[in-house]
Amino acid sequence: LELRNNAFIHKQDELNLEVLLPDSIRPFDFGYPKSENYSNALFRHHGLQEDVFYDENTKYAEVYGSVTPLGLLAESIENRFKGNQDIKASLKKEYQNFYEIAANSSVIVIDERIQSSLNEIGCTTESIKIKVGENEIIEDGYQILNKDIFLKTKIYVPNIDADSVDLNCSDLRTQKKPLELYIKDISGKVEADYMIIHFGIIEGLRETSKNESVNTILEEIKDWLKSDKCKIVITSGRGYTPDIKSLNQYFVAYSTISNLLLDPNGRSKGHLMQCLKQLRKLKN
(Lines give C-alpha, C1' and ligand atoms only; values in the text may rest on other atoms or scores of the structure.)
Protein backbone atom coordinates (compact mmCIF):
# COMPACT_ATOMS: atom_id res chain seq x y z
CA LEU A 1 0.00 0.00 0.00
CA GLU A 2 1.15 3.52 -0.70
CA LEU A 3 -0.42 6.40 1.13
CA ARG A 4 -1.54 9.29 -1.02
CA ASN A 5 0.91 12.15 -1.53
CA ASN A 6 -1.54 14.43 0.24
CA ALA A 7 -2.11 12.06 3.14
CA PHE A 8 -1.01 14.77 5.57
CA ILE A 9 -3.34 17.40 4.08
CA HIS A 10 -6.57 18.17 5.88
CA LYS A 11 -7.54 21.22 3.83
CA GLN A 12 -6.67 22.77 0.50
CA ASP A 13 -7.32 26.17 -1.00
CA GLU A 14 -9.63 25.06 -3.82
CA LEU A 15 -8.72 28.10 -5.92
CA ASN A 16 -4.95 27.57 -6.17
CA LEU A 17 -4.63 24.12 -4.52
CA GLU A 18 -2.07 25.36 -2.01
CA VAL A 19 -1.81 23.45 1.24
CA LEU A 20 -3.44 25.12 4.22
CA LEU A 21 -1.82 23.92 7.43
CA PRO A 22 -4.54 23.67 10.09
CA ASP A 23 -4.08 25.12 13.57
CA SER A 24 -4.42 21.58 14.89
CA ILE A 25 -3.80 18.42 12.90
CA ARG A 26 -5.63 16.21 15.36
CA PRO A 27 -7.15 13.86 14.56
CA PHE A 28 -4.07 12.67 12.70
CA ASP A 29 -5.86 10.79 9.95
CA PHE A 30 -5.01 9.14 6.67
CA GLY A 31 -7.60 8.51 4.00
CA TYR A 32 -10.94 10.15 3.65
CA PRO A 33 -13.87 8.20 5.12
CA LYS A 34 -16.32 10.86 3.92
CA SER A 35 -15.40 10.01 0.35
CA GLU A 36 -16.63 6.96 -1.50
CA ASN A 37 -13.09 6.46 -2.80
CA TYR A 38 -11.33 6.30 0.54
CA SER A 39 -7.76 5.19 0.85
CA ASN A 40 -6.77 1.56 1.31
CA ALA A 41 -4.91 2.46 4.52
CA LEU A 42 -6.73 4.25 7.32
CA PHE A 43 -5.33 5.44 10.65
CA ARG A 44 -8.18 7.02 12.58
CA HIS A 45 -8.28 8.88 15.87
CA HIS A 46 -11.11 7.40 17.99
CA GLY A 47 -13.70 7.02 15.23
CA LEU A 48 -14.04 5.13 11.99
CA GLN A 49 -17.36 4.21 10.41
CA GLU A 50 -18.14 0.57 11.08
CA ASP A 51 -18.97 -0.23 7.45
CA VAL A 52 -15.69 1.39 6.37
CA PHE A 53 -13.65 -0.58 8.92
CA TYR A 54 -15.07 -3.93 7.82
CA ASP A 55 -15.22 -3.12 4.10
CA GLU A 56 -12.99 -5.45 2.06
CA ASN A 57 -11.71 -2.38 0.18
CA THR A 58 -10.18 -1.13 3.41
CA LYS A 59 -6.97 -3.12 3.25
CA TYR A 60 -5.57 -1.67 6.47
CA ALA A 61 -7.36 0.07 9.33
CA GLU A 62 -6.03 1.11 12.72
CA VAL A 63 -8.10 2.99 15.30
CA TYR A 64 -6.27 4.70 18.14
CA GLY A 65 -6.94 6.87 21.20
CA SER A 66 -5.29 10.02 22.50
CA VAL A 67 -3.03 8.32 25.06
CA THR A 68 -1.91 5.46 22.81
CA PRO A 69 1.51 5.54 21.08
CA LEU A 70 -0.17 6.72 17.86
CA GLY A 71 -2.15 9.38 19.71
CA LEU A 72 0.95 10.69 21.46
CA LEU A 73 2.82 10.64 18.18
CA ALA A 74 0.09 12.74 16.58
CA GLU A 75 0.26 15.19 19.47
CA SER A 76 4.03 15.51 19.13
CA ILE A 77 3.65 16.23 15.41
CA GLU A 78 1.00 18.80 16.20
CA ASN A 79 3.35 20.57 18.60
CA ARG A 80 6.16 20.56 16.05
CA PHE A 81 3.90 22.10 13.44
CA LYS A 82 3.05 25.06 15.64
CA GLY A 83 5.03 28.16 14.68
CA ASN A 84 7.29 26.34 12.23
CA GLN A 85 5.86 25.60 8.81
CA ASP A 86 9.32 25.00 7.29
CA ILE A 87 9.40 21.61 9.03
CA LYS A 88 6.44 20.32 6.99
CA ALA A 89 8.44 18.61 4.22
CA SER A 90 10.76 16.68 6.54
CA LEU A 91 7.86 15.64 8.75
CA LYS A 92 5.92 14.35 5.79
CA LYS A 93 8.78 12.11 4.67
CA GLU A 94 9.65 10.92 8.17
CA TYR A 95 6.17 10.01 9.30
CA GLN A 96 4.76 8.82 6.00
CA ASN A 97 7.53 6.21 6.07
CA PHE A 98 6.49 5.18 9.62
CA TYR A 99 2.86 4.66 8.59
CA GLU A 100 3.68 2.98 5.27
CA ILE A 101 5.87 0.41 7.04
CA ALA A 102 2.98 -0.35 9.38
CA ALA A 103 0.49 -0.69 6.52
CA ASN A 104 2.76 -2.78 4.31
CA SER A 105 4.22 -5.19 6.87
CA SER A 106 2.80 -8.58 7.83
CA VAL A 107 3.53 -10.45 11.05
CA ILE A 108 2.64 -14.03 12.00
CA VAL A 109 2.19 -14.64 15.74
CA ILE A 110 2.31 -18.15 17.19
CA ASP A 111 1.49 -17.67 20.86
CA GLU A 112 -1.23 -19.32 22.94
CA ARG A 113 -1.87 -16.17 25.00
CA ILE A 114 -2.46 -14.05 21.92
CA GLN A 115 -4.65 -16.80 20.45
CA SER A 116 -6.75 -16.88 23.62
CA SER A 117 -7.49 -13.17 23.22
CA LEU A 118 -8.89 -13.39 19.67
CA ASN A 119 -12.55 -13.26 20.68
CA GLU A 120 -12.06 -10.63 23.38
CA ILE A 121 -13.06 -6.99 22.84
CA GLY A 122 -9.94 -5.11 21.85
CA CYS A 123 -11.35 -1.67 21.15
CA THR A 124 -14.53 0.37 21.57
CA THR A 125 -14.77 3.29 19.17
CA GLU A 126 -16.34 6.64 19.98
CA SER A 127 -19.42 8.14 18.34
CA ILE A 128 -18.57 10.17 15.26
CA LYS A 129 -20.31 12.70 13.05
CA ILE A 130 -20.80 11.63 9.45
CA LYS A 131 -22.27 13.57 6.57
CA VAL A 132 -25.29 12.11 4.80
CA GLY A 133 -26.26 14.35 1.92
CA GLU A 134 -26.53 17.87 3.34
CA ASN A 135 -27.05 16.64 6.89
CA GLU A 136 -24.76 15.47 9.67
CA ILE A 137 -25.75 12.50 11.78
CA ILE A 138 -24.18 10.83 14.82
CA GLU A 139 -23.05 7.25 14.30
CA ASP A 140 -22.69 5.28 17.53
CA GLY A 141 -19.42 3.69 18.46
CA TYR A 142 -18.99 -0.07 18.21
CA GLN A 143 -16.84 -2.82 19.67
CA ILE A 144 -14.06 -4.50 17.70
CA LEU A 145 -12.75 -7.94 18.60
CA ASN A 146 -9.01 -8.53 18.73
CA LYS A 147 -9.23 -10.98 15.82
CA ASP A 148 -10.69 -8.24 13.60
CA ILE A 149 -8.10 -5.72 14.77
CA PHE A 150 -5.36 -8.20 13.91
CA LEU A 151 -6.86 -8.96 10.50
CA LYS A 152 -7.11 -5.28 9.59
CA THR A 153 -3.54 -4.57 10.74
CA LYS A 154 -2.00 -7.62 9.04
CA ILE A 155 -1.28 -9.57 12.22
CA TYR A 156 -1.91 -13.26 11.57
CA VAL A 157 -2.75 -15.55 14.50
CA PRO A 158 -4.09 -19.11 14.07
CA ASN A 159 -7.76 -19.39 15.01
CA ILE A 160 -8.84 -22.54 16.83
CA ASP A 161 -12.08 -22.85 14.82
CA ALA A 162 -11.00 -21.62 11.40
CA ASP A 163 -7.50 -23.09 11.34
CA SER A 164 -7.91 -26.12 13.65
CA VAL A 165 -4.83 -25.16 15.66
CA ASP A 166 -5.16 -25.12 19.45
CA LEU A 167 -2.03 -23.60 20.94
CA ASN A 168 -3.46 -24.06 24.45
CA CYS A 169 -3.73 -27.82 24.03
CA SER A 170 -2.26 -29.74 26.98
CA ASP A 171 -0.30 -31.93 24.56
CA LEU A 172 1.10 -29.65 21.86
CA ARG A 173 2.59 -32.59 20.02
CA THR A 174 -0.93 -33.36 18.75
CA GLN A 175 -1.01 -29.86 17.23
CA LYS A 176 2.25 -30.16 15.33
CA LYS A 177 0.73 -31.16 11.99
CA PRO A 178 -2.11 -28.59 12.10
CA LEU A 179 0.44 -25.90 13.02
CA GLU A 180 2.69 -26.97 10.17
CA LEU A 181 -0.21 -26.73 7.73
CA TYR A 182 -1.19 -23.30 9.07
CA ILE A 183 2.31 -21.83 8.82
CA LYS A 184 2.80 -23.23 5.33
CA ASP A 185 -0.59 -21.89 4.24
CA ILE A 186 -0.37 -18.38 5.73
CA SER A 187 3.27 -17.82 4.76
CA GLY A 188 2.34 -18.83 1.23
CA LYS A 189 -0.54 -16.35 1.10
CA VAL A 190 1.15 -13.31 2.67
CA GLU A 191 4.72 -12.10 2.51
CA ALA A 192 5.35 -12.08 6.23
CA ASP A 193 8.25 -9.98 7.46
CA TYR A 194 8.38 -11.63 10.88
CA MET A 195 7.04 -14.67 12.67
CA ILE A 196 6.89 -14.26 16.45
CA ILE A 197 6.73 -17.59 18.26
CA HIS A 198 6.51 -18.36 21.97
CA PHE A 199 9.45 -20.41 23.20
CA GLY A 200 7.00 -22.56 25.19
CA ILE A 201 5.39 -23.66 21.90
CA ILE A 202 8.75 -24.85 20.59
CA GLU A 203 9.38 -26.73 23.84
CA GLY A 204 5.92 -28.31 23.75
CA LEU A 205 6.35 -29.64 20.20
CA ARG A 206 9.32 -31.85 21.16
CA GLU A 207 9.07 -35.61 21.27
CA THR A 208 10.64 -36.13 24.66
CA SER A 209 10.85 -39.89 24.12
CA LYS A 210 13.16 -39.19 21.16
CA ASN A 211 15.15 -36.65 23.17
CA GLU A 212 14.44 -33.94 20.60
CA SER A 213 16.02 -30.57 21.24
CA VAL A 214 14.42 -27.15 20.82
CA ASN A 215 16.99 -26.48 18.09
CA THR A 216 15.70 -29.47 16.10
CA ILE A 217 12.11 -28.26 16.38
CA LEU A 218 13.08 -24.74 15.36
CA GLU A 219 14.78 -26.03 12.22
CA GLU A 220 11.57 -27.87 11.32
CA ILE A 221 9.54 -24.71 11.83
CA LYS A 222 11.93 -22.78 9.57
CA ASP A 223 11.29 -25.34 6.83
CA TRP A 224 7.52 -24.72 7.13
CA LEU A 225 7.94 -21.08 6.17
CA LYS A 226 7.47 -20.44 2.46
CA SER A 227 9.75 -17.40 2.45
CA ASP A 228 13.39 -17.13 3.46
CA LYS A 229 12.87 -13.41 4.07
CA CYS A 230 10.59 -14.01 7.08
CA LYS A 231 12.60 -13.47 10.26
CA ILE A 232 11.84 -15.62 13.29
CA VAL A 233 11.52 -13.85 16.63
CA ILE A 234 11.36 -15.81 19.89
CA THR A 235 9.24 -14.44 22.71
CA SER A 236 8.98 -15.52 26.32
CA GLY A 237 7.87 -14.18 29.67
CA ARG A 238 10.78 -15.90 31.40
CA GLY A 239 13.48 -13.71 29.93
CA TYR A 240 16.46 -14.49 27.71
CA THR A 241 17.31 -17.91 29.16
CA PRO A 242 20.31 -20.04 28.09
CA ASP A 243 17.97 -22.36 26.13
CA ILE A 244 16.62 -19.41 24.14
CA LYS A 245 20.12 -18.02 23.64
CA SER A 246 21.20 -21.37 22.17
CA LEU A 247 18.69 -20.86 19.30
CA ASN A 248 20.62 -17.79 18.10
CA GLN A 249 17.44 -16.01 17.00
CA TYR A 250 15.96 -12.58 17.59
CA PHE A 251 14.27 -12.26 20.97
CA VAL A 252 11.65 -9.92 22.43
CA ALA A 253 10.02 -10.09 25.86
CA TYR A 254 6.37 -11.14 25.91
CA SER A 255 5.44 -8.06 27.94
CA THR A 256 6.48 -5.92 24.95
CA ILE A 257 4.45 -8.03 22.52
CA SER A 258 1.33 -8.10 24.68
CA ASN A 259 1.53 -4.34 25.21
CA LEU A 260 1.81 -3.57 21.49
CA LEU A 261 -0.82 -6.13 20.43
CA LEU A 262 -3.38 -6.36 23.26
CA ASP A 263 -3.23 -3.29 25.49
CA PRO A 264 -5.81 -0.74 24.23
CA ASN A 265 -3.53 2.04 25.48
CA GLY A 266 -0.37 0.52 24.06
CA ARG A 267 -1.42 -1.08 20.79
CA SER A 268 0.42 0.18 17.69
CA LYS A 269 1.45 -1.73 14.57
CA GLY A 270 3.98 0.94 13.58
CA HIS A 271 5.70 0.82 16.96
CA LEU A 272 5.66 -2.98 16.84
CA MET A 273 7.51 -2.83 13.53
CA GLN A 274 10.01 -0.34 14.96
CA CYS A 275 10.64 -2.71 17.86
CA LEU A 276 11.13 -5.74 15.59
CA LYS A 277 13.42 -3.88 13.18
CA GLN A 278 15.68 -2.83 16.04
CA LEU A 279 16.26 -6.39 17.26
CA ARG A 280 19.77 -7.79 16.97
CA LYS A 281 21.08 -11.30 17.43
CA LEU A 282 23.59 -11.71 20.25
CA LYS A 283 26.72 -13.65 19.46
CA ASN A 284 27.08 -16.84 21.46
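Two strands are said to pair if DSSP finds at least two bridges between them. With that idea in hand, the predicted model can be explored from its sheet outwards. Five strands form an open sheet in the order β8-β3-β9-β10-β11, and their pairing is parallel. At the edges lie β8 (155-156) and β11 (250-253), each of which pairs on one side only. Helix α11 packs on this sheet, where it touches β3, β8, β9, β10 and β11. The direction of α11 makes about 70° with that of β11.

Strand β9 (residues 194-198) is a good place to look at the pairing in detail. Four bridges link β9 to strand β3 (residues 107-110) in the parallel sense, and here Val109 stands opposite Ile196 of β9. Strand β10 (residues 231-236) also runs parallel to β9, and the two are joined by five bridges. Along this pairing, Tyr194 has Lys231 of β10 as its bridge partner, while His198 stands opposite Thr235 of β10.

Is β9 covered or uncovered on its two faces? Both faces are covered: Tyr194, Ile196 and His198 are buried on one side, and Met195 and Ile197 are buried on the other. The strand as a whole is described as mostly covered, with five of its five residues buried.

Attention now turns to a pair of helices. Two packed helices are described by the angle between their axes and the distance between the axes. For helix α7 (residues 176-189) and helix α9 (residues 214-224), the axes come within 8 Å and cross at roughly 40°. The arrangement of α7 relative to α9 is therefore oblique, because the angle is neither under 35 degrees nor within 65 to 115 or over 145. On the α7 side, the contact is made by Lys176, Leu179, Glu180, Ile183, Lys184 and Ser187; α9 contributes Ile217, Glu220, Ile221 and Trp224. By type, the residues of this contact divide into five nonpolar, one polar and four charged.

The loops hold some details of their own. Thr68 sits in the loop between β2 (60-64) and α2 (69-81). Is Thr68 buried or exposed? Its relative accessibility is 3%, so Thr68 counts as buried, the cut-off being under 20%. A polar atom of the Thr68 side chain lies 2.7 Å from the backbone oxygen of Gly65. Once neighbours within four places in sequence are set aside, Thr68 is in contact with Pro264 and Asn265.

Leu262 belongs to the loop between α11 (254-261) and α12 (269-277). Although Leu262 and Ser117 are 145 residues apart in sequence, their C-alpha atoms are 8.0 Å apart in space. Ser117 is also one of the contacts of Leu262 when neighbours within four places in sequence are left aside. The others are Ile114, Asn146, Phe150, Tyr254, Ile257 and Arg267.

Finally, two loop residues have a positive phi without being glycines. Ser164, in the loop between α6 (160-163) and α7, has a phi of about 55°. Asn211, in the loop between α8 (199-204) and α9, has a phi of about 60°. With a relative accessible area of 69%, Asn211 is exposed, because exposed means over 50%.

Terms used. Residues are numbered from 1 along each chain as its sequence is written. This is a predicted model: local features need pLDDT of at least 70, side-chain atom pairs count only at pLDDT 80 or more; totals for chains, interfaces and linings use all residues. Side-chain values use heavy atoms; hydrogens and water are left out. Buried means under 20% relative accessible area, exposed over 50%, partly exposed in between (1.4 Å probe, protein chains only). A polar contact is a pair of N or O atoms within 3.5 Å; within protein, one must be able to donate a hydrogen and the other to accept it, and residues adjacent in sequence count only if both atoms are side-chain atoms. Contact means heavy atoms within 4.5 Å. Axes are lines fitted to C-alpha atoms, for helices over the stretch in contact, and angles run from 0 to 180 degrees between N-to-C directions. Ala, Val, Leu, Ile, Met, Phe, Trp, Tyr, Cys and Pro count as nonpolar, Asp, Glu, Lys and Arg as charged, and the others, Gly among them, as polar.
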